[in-house]
Amino acid sequence: MPKHKKKQYLFPRRLMEAIWFLSDADTCLEFVAALRWPDAEPVCPHCQEKGAYFLKSRRIWKCKACKKQFSVKLGTIFEDSPIGLDKWLWAIWLIANAENGVSSHELARSIGVTQKTGWLMLHRIRLAMQAESFEKLEGEVEVYETFIGGKAGYMRKDKK
Ligand SMILES: [Zn+2]
């Protein structure tokens with residue numbers, strides 16, 4: 001099991017704390033894991049079963065029930081993006097701490113991604129903040145494909 005079982009993670013408020021916190025990949029992973037699975041029992045996104053073991057070297061879990069592997073990103077807004085968790089958390093930190101809002105240009109410049117990527121991150125994070133959850137929202141995959149792949153026809157699936 002990852003170490004987050006006994007720790008309480010609070011998102012850092014001060015810039016200096018954030019720099020320390022977000023510079024460690026394990027801390028980022030533990031933070032998101034603790035956020036998603038507050039009882040420290042990862043839930044398999046493939047079969048919804050609990051009981052998975054952590055493969056430390058690869059920073060992923062393997063489900064005991066269905067034998068499939070999953071990362072902490074799978075099933076969240078961070079999924080389907082090559083952007084590292086640290087950059088996602090930096091973006092969240094910047095957005096959460098900006099008094100007058102952050103533009104996609106500013107975000108892109110601050111974390112070192114393209115403006116397109118900055119726009120995508122900003123869009124997803126805002127939706128997640130409104131929903132108060134980083135679990136993937138219906139329709140988001142279509143938005144991403146339309147945006148990145150330039151495909152026509154954004155079809156939003158309505159929630160039932
Ligand atoms: Zn499973």
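This briefing walks through a small set of strands and how they pair. The model is predicted. Its open sheet has three strands in the order 1-2-3, with antiparallel pairing. Strand 1 and strand 3 are the edge strands, as each pairs on one side only.

**Strand 1 with strand 2**

- Strand 1 covers residues 52-55, and its antiparallel pairing with strand 2 runs over four bridges.
- Leu55 has Ile60 of strand 2 as its bridge partner.
- Tyr53 stands opposite Lys62, which is also in strand 2.
- The two strands, 1 and 2, form a hairpin with four residues between them.
- Arg59 sits in that turn and has a positive phi of about 55°.

**Strand 2 with strand 3**

- Strand 3 covers residues 69-70 and pairs with strand 2 in the antiparallel sense, over two bridges.
- Trp61 has Phe70 of strand 3 as its bridge partner.
- Five residues lie between strand 2 and strand 3 in their hairpin.
- Lys67, in this hairpin, takes a positive phi near 70°.

**The two faces of strand 2**

- Strand 2 spans residues 60-63, and its side chains alternate along the strand.
- Trp61 and Cys63 point to one face and are buried.
- Ile60 and Lys62 point to the other face and are not buried.
- Trp61, one of the buried pair, is the residue bridged to Phe70.
- Ile60, on the other face, is the residue bridged to Leu55.
- Lys62 shares that face with Ile60 and stands opposite Tyr53.

Conventions. Residues numbered from 1 in each chain as written. Predicted model: local features only at pLDDT ≥ 70, side-chain atom pairs only at ≥ 80, totals over all residues. Buried ≥ 20, exposed ≤ 12 C-beta atoms within 10 Å, placed from the backbone. Pairing = 2+ DSSP bridges.
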